[in-house]
Amino acid sequence: MSEEARAERAERGAGEQPVPGDLPEDLPAIPQPVGELERRLREAGPDELLALARERAPELTPAAVRQALRNPYVTTEVVEALAAQTRLLAFYEVRRDLARCRAAPEMLALLLLGGLFWADLMAIGLDTRLHPRLRHAADRQLLARLPGLAVGEKISIARRAAPAVLAQLRFDPTPRVIAALLDNPRLTEGTLAPLVHGEMTPAPVLELIAADRRWGVRYPLRLALARNPATPLAAALRLLPMLHKPDLKAVAGDPRLAEPLRRRARLLLGDYLT
């Protein structure tokens with residue numbers, strides 16, 4: 001599927017796009033027939049693998065390249081022999097697999113990043129087996145593409161992306177994107193802090209965080225939401241009974257906040273004067 005087709009599908013509300021290599025948990029992988037050359041590339045020892053990569057290069061298919069790269073004895077020399085074949089580099093899956101191979105020379109992998117789809121960039125950014133410089137470069141490429149992506153694609157990224165990507169996605173004004181971001185296991189309280197403190201954060205986003213079962217119970221975030229003038233009044237009122245007395249006093253005396261909120265804080269403090 002082309003990147004344009006993926007974007008169109010996301011705009012129709014298709015939801016999360018699968019990262020290459022992922023399969024639904026309830027479906028088994030469908031085995032593909034493996035030819036003799038592919039089998040040899042996967043099972044060869046170091047010397048045979050390099051010889052096959054050099055001598056049989058003109059007849060290799062993308063599937064054969066993948067088997068070679070999955071071989072535990074794959075080396076930089078093998079990768080360079082494969083990358084030297086212009087015919088093979090015409091295939092997207094070959095460029096992607098070379099970029100994701102741990103044995104790939106760093107300069108080659110960095111050059112290949114520019115032509116990868118966002119899902120593959122995200123996968124590289126998350127692959128702890130790869131060199132940090134390559135992962136950070138993949139994150140930067142993904143960040144550069146974010147403004148042009150559809151909402152459905154941003155939702156997919158928000159659910160899984162690395163912290164560097166989340167740091168930019170957190171400012172997306174779309175509540176659906178923020179809802180996906182809140183479910184990301186890599187999200188931290190520090191990443192959310194600028195949102196809950198920011199008076200320019202959209203009210204629906206603040207309400208979403210306040211109601212979240214994972215993040216809405218964090219006291220520093222709860223306090224920041226209660227003291228943020230942009231937080232919807234109903235959400236802020238729900239937070240007040242859970243604040244400590246000194247923080248209630250701060251709310252009651254904060255002239256930036258709505259009078260009904262300040263009055264409720266005074267009532268909780270036992271001050272019934274109007």
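This report walks through the fold, an aromatic pair, the salt bridges and a few buried residues of one protein chain.

## Overall picture

The model is predicted. The protein chain holds 19 helices and zero strands. It has 274 residues, and 45% of them count as buried.

The exposed surface of the protein chain comes to about 14,400 Å². Carbon and sulfur atoms supply 55% of that surface. Take the contacts between residues at least 6 apart in sequence: 58% of these join residues at least 24 apart.

## The aromatic pair

One aromatic pair turns up in a search of the whole structure. Tyr92 and Phe117 are the partners, with ring centres 4.5 Å apart. Their planes sit at 20°, so the pair is stacked. The cut-off for stacking is under 30 degrees.

The pair links distant parts of the chain, 25 residues apart. Tyr92 belongs to helix H7, which covers residues 92-99. Phe117 is in the loop between helix H8 (106-113) and helix H9 (118-126). Both Tyr92 and Phe117 are buried.

## Asp120 and its surroundings

Tyr92 also has a polar partner. Its side chain joins that of Asp120 through a polar contact of 2.4 Å. Asp120 is placed in helix H9.

Asp120 is buried, yet has no salt bridge. Arg96 offers the nearest side chain of opposite charge, 4.6 Å away. A salt bridge needs the nitrogen and the carboxyl oxygen within 4 Å.

Another aspartate, Asp97, is in helix H7. Its relative accessibility is 13%, so Asp97 counts as buried. Not counting residues up to four places away in sequence, Asp97 touches Arg66 and Leu69.

## A buried salt bridge

The whole structure contains 16 salt bridges. One of them joins Asp172 and Lys154, with the closest N and O atoms 3.4 Å apart. This pair links distant parts of the chain, 18 residues apart.

Lys154 is in helix H11, residues 151-160. Asp172 is in the loop between helix H12 (163-169) and helix H13 (175-182). Asp172 and Lys154 are both buried.

## A network around Asp254

Asp254 forms a salt bridge with Arg227, at 3.2 Å from N to O. The two residues are 27 apart, and the pair links distant parts of the chain. Asp254 is in the loop between helix H18 (245-252) and helix H19 (259-268). Arg227 is in the loop between helix H16 (219-226) and helix H17 (233-239).

Asp254 also forms a salt bridge with Arg256, where the closest N and O atoms are 2.9 Å apart. Salt bridges link Glu199, Arg227, Asp254 and Arg256 in a network.

How buried or exposed are these residues? Asp254 has 5% relative accessibility, so Asp254 counts as buried. Arg227, at 30%, counts as partly exposed. Arg256, at 43%, also counts as partly exposed. Buried requires under 20% and exposed over 50%.

## Leu257 in the H18-H19 loop

Leu257 lies in the loop between H18 and H19. At 5% relative accessibility, Leu257 counts as buried. Leu257 and Arg227 are 30 residues apart in sequence, and their C-alpha atoms are 7.2 Å apart in space.

Which residues does Leu257 contact, leaving aside its neighbours within four places in sequence? The partners are Ala226, Arg227, Asn228, Pro229, Val251 and Arg262. Arg227 thus appears both in this contact list and in the salt-bridge network.

## Leu225 in helix H16

Leu225 is in helix H16. Its relative accessibility is 0%, so Leu225 counts as buried. Ala235 is 10 residues from Leu225 along the chain, with 8.5 Å between the C-alpha atoms.

Leaving aside its neighbours within four places in sequence, Leu225 is in contact with Val196, Leu206, Ile209, Ala210, Thr231 and Leu239.

Technical notes
Residues numbered from 1 in each chain as written. Predicted model: local features only at pLDDT ≥ 70, side-chain atom pairs only at ≥ 80, totals over all residues. Heavy atoms only, no water. Phe/Tyr/Trp six-rings, centres within 6.5 Å; stacked < 30°, edge-to-face > 60°. Helix = DSSP H or I, 4+ residues; strand = E, 2+ residues; numbered from the N terminus. Buried < 20%, exposed > 50% of the residue type's maximum accessible area, 1.4 Å probe, protein only. Contact = heavy atoms within 4.5 Å. Areas by Shrake-Rupley, 256 points an atom, 1.4 Å probe, with all protein chains shown as cover. Lys, Arg positive; Asp, Glu negative; His and termini not counted. Polar contact = N/O pair within 3.5 Å; in protein donor to acceptor, adjacent residues only side chain to side chain.
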